[in-house]
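Good morning, everyone. Please look at the screen while I talk.

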Protein chains: 2
Amino acid sequence: MRRVSVIGIGAGNPDDLTLAAIAAIAAADVFFVIDKPGAREELSRARLAIIDRHAPGSGQRTALVEDPQRDRSAEAYVEAVDDWRARRATAWGRLIARELAGDEHGAFLVWGDPALYDSTIAVLDRIAADGTLAFELDVIPGISAIASLTARHRIALNRVGQAVLVTTGRRLAAGLDSDAADVVVMLDAGCAFTTVADRDLEIYWGAYLGTEDELLVSGRLADVADDIVRLRAQARARKGWIMDTYLLRKPSAALR
Amino acid sequence: MRRVSVIGIGAGNPDDLTLAAIAAIAAADVFFVIDKPGAREELSRARLAIIDRHAPGSGQRTALVEDPQRDRSAEAYVEAVDDWRARRATAWGRLIARELAGDEHGAFLVWGDPALYDSTIAVLDRIAADGTLAFELDVIPGISAIASLTARHRIALNRVGQAVLVTTGRRLAAGLDSDAADVVVMLDAGCAFTTVADRDLEIYWGAYLGTEDELLVSGRLADVADDIVRLRAQARARKGWIMDTYLLRKPSAALR
C-alpha cells in the first residue's frame, strides 16, 4: 500500500529537525514539494536544502506540486479556503497517483508543526475520503512557530494555572472572545495587535524565527507596537515575504 | 560566564529529539537531573538514557537535584505553586553555584516543550532575579505533548480560521470561559472531561505518547468517556504514574 508521511520540519532553524523527521526523510521515495509562486520561493529552496542534506539515497526523487491559487479577496474566508482545499485535493490526488507506485513512500515537508494552521493533513484527508486513492498516512510532529517564539524569547507560554488561546489575526481584529491570560496570534498579515484596546498588554513578537533574518521585539504594546509595524514593513519589503507570530500577555499583576 | 540550557526533549519518543537538542546535550558539562521520588523514577531513567546516548563526553557529569515537595492539598493552588517555585529556586541556585564552574555549561532536560506547563524557565528566572548567581540562559524548543497528541491521532489542531484554547483540568472543571472550537486540556488528574455538559464533543485522548505504553482513544464524549476513565485508571495502577492529555473538539457541523 502507498504510504504518505507529513513531516514537521520546524519553524525555520534547520536544527529544529527531529530524529524521527530525519529518519522519515531518509526513508521516503518521493518528496512532494509545493511550488508556491513568487514570494515563497525562498521557503521552497530551504525545503529542498533539507532534502539534499538528509536524503542521500540515489533512488529518491522530487515531484513539484503546482498549488492552485487561493481567492484572497473573497469575503467568505472559510468558504474560500474550503474551495481552495478541494482544488488542492484534486490536484494532489492526481499527482500522488501518478508519481507514487503502489508500495512507495511519499513525503510532504511542512514548516513548523503540521497540526497548526497548515492544511496538508486536511487536504490528504479529503483525498482519502474521495475513495479514489488509498494510502496510509502518518504524521511526524515538528517544532511549532509557537515553541520557537517562546524559546527565542526565553519565556514560558503559560502562567501558573492559566490558559492560553491560540488564534488568528482575523479573529483578534474582530475582538477577543476569551479572557485567557496569554494569547498567541498566527496568520496576522494586518498587524491586528494595533487594534487591541489594552495597551498595557505585553507583546513578544518574532519573525523569520530561527533563521539568520530573525527579528525579535518584546515590551508593552504602548511602547513597541509602532516599532513592530515599522520593522515588519521594512523586512517584508526587503525580503518580499514575512512569516511572523506573537504572544499577547496580560501583565502578571493583572492576574491576581 | 556560566551558561544554562533548558532543553526540550519531546513528549516521550526518544526520536522526538531535535538536532539542536542533541548538539546542546553534547556540549553540556553538567546535567541537572531532577530526582522526583517514587512514581516519576521511570521518567528520570528515560532522561538518563537520553544523556547516555547523546553525551558521550568523558568530562560530562550529572548532578541530582532534590526536588522540594509541593503542598498538593493546599486550597490556594497558585500560592502553593509559587511557594514551591521559591523553594526550588533556592535549592537549585545553591546546586548550580556549587556544581557549575564559572565558564561551564549546565543543562536541564525537560519533557515536551519547556514553554508549556513546565516550571524550569520560571525557576531559573527567579534565580537570576535574586542576583546571587549570574548565568546566561538559553532555551531549546521541544516537541510538545500537544504536537505529539495530534500527530498520533493524525489530525490538525485547529479548524480553518478557528481558535484553540489550551487550558488545565482544573479550569475545565470550573467551566469553560471560551467558545474556542478546539480545547486542549493539560494537567488533568481528575478526568475533568466527565464534567463537560456537551456530550457531543469529540475527544482525542492520549497517554504515554510516543512510548511503547502509548494509549490512544478518540470518539464522541458520550461514547468513549467511560472507556477513557477505565483505561486511565488501569494504566495508572499498572505503571504507578500517568502522563496524558486530550483535545475536546466541537463537531464541524457546529461551527457553521
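In chain A, the centres of domain 1 and domain 2, taken over C-alpha atoms, are separated by 27 Å. Domain 1 covers 2-140, and domain 2 covers 145-255. These bounds come from an automatic or database domain assignment. Do the two domains touch, and how many residues are involved on each side? On the domain 1 side of chain A, 11 residues are in contact with 17 residues of domain 2 of chain A. Contact means heavy atoms within 4.5 Å.

A word on ground rules. This is a predicted model, where local features need pLDDT of at least 70 and side-chain atom pairs count only at pLDDT 80 or more, while totals for chains, interfaces and linings use all residues. Residues are numbered from 1 along each chain as its sequence is written, chains are lettered from A and ligands numbered from 1 in the order in which they are written, and side-chain values use heavy atoms, with hydrogens and water left out.

Now chain A as a whole. It has seven helices and 10 strands. Helices (H or I, at least four residues) and strands (E, at least two) are DSSP runs, numbered from the N terminus. The C-alpha trace of chain A spans about 60 × 40 × 40 Å along its principal axes. The radius of gyration of chain A is 20 Å, which agrees with the value near 18 Å for a compact globule of 256 residues. That radius is taken over C-alpha atoms, and the globule rule is 2.2 Å times the number of residues to the power 0.38.

How much of chain A is buried? The share is 55% of its 256 residues. Buried means under 20% relative accessible area, exposed means over 50%, and partly exposed lies in between (1.4 Å probe, protein chains only). Among the contacts in chain A with a separation of 6 or more, 72% come from residues 24 or more positions apart.

Next, the inside. The largest nonpolar core holds 92 residues. A nonpolar core is a set of buried Ala, Val, Leu, Ile, Met, Phe, Trp, Tyr and Cys residues joined through side-chain atoms within 4.5 Å. Which members touch the most others? A:Leu248 and B:Leu248 do. Beyond its neighbours within four places in sequence, A:Leu248 has contacts that include A:Leu172, A:Val183, A:Phe193, A:Ile203 and A:Leu221. Apart from this core lies another one, of 28 residues, with A:Tyr117, A:Ile155, A:Met186 and A:Leu247 among them.

Now helix α5 of chain A, residues 145-153. Seven of its nine residues are buried, so the helix is mostly covered. Among the buried ones are A:Ile146, A:Leu149 and A:His153. What do they pack against? In chain A, the partners are β6 (164-168), β7 (182-186), β8 (202-207), β9 (215-220) and β10 (244-249). Chain B adds β5 (135-140).

Just after α5(A) comes A:Arg154. It sits in the loop between α5 and β6 of chain A. Its phi is near 55°, a positive value in a residue other than glycine. Most residues other than glycine have a negative phi. A:Arg154 counts as partly exposed, at 41% relative accessibility.

Chain A has another example. A:Cys191 is not a glycine, yet its phi is positive, about 50°. A:Cys191 lies in the loop between β7 and β8 of chain A. Is A:Cys191 buried or exposed? A:Cys191 is buried, with a relative accessible area of 10%.

One residue that touches A:Cys191 is A:Arg232. A:Arg232 belongs to helix α7 (residues 221-239) of chain A. It is an arginine, but it counts as buried, at 7% relative accessibility. Its other contacts, beyond four places in sequence, include A:Asp188, A:Trp205 and A:Asp244.

Over to chain B. B:Phe32 is in strand β2 (residues 30-35). B:Phe32 counts as buried, at 3% relative accessibility. Its contacts beyond four places in sequence include B:Ala63, B:Leu95 and B:Phe108. The C-alpha atoms of B:Phe32 and B:Trp92 are 9.0 Å from each other, with their positions 60 residues apart along the chain.

Last, the two copies. A turn of 180° and a shift of 0.0 Å along the axis lay chain A on chain B with an RMSD of 0.0 Å. That is the relation of a two-fold axis. The fit is by least squares on the C-alpha atoms of residues with pLDDT of at least 70 in both. The same surface serves both copies, as 100% of the contact residues of chain A recur in chain B.
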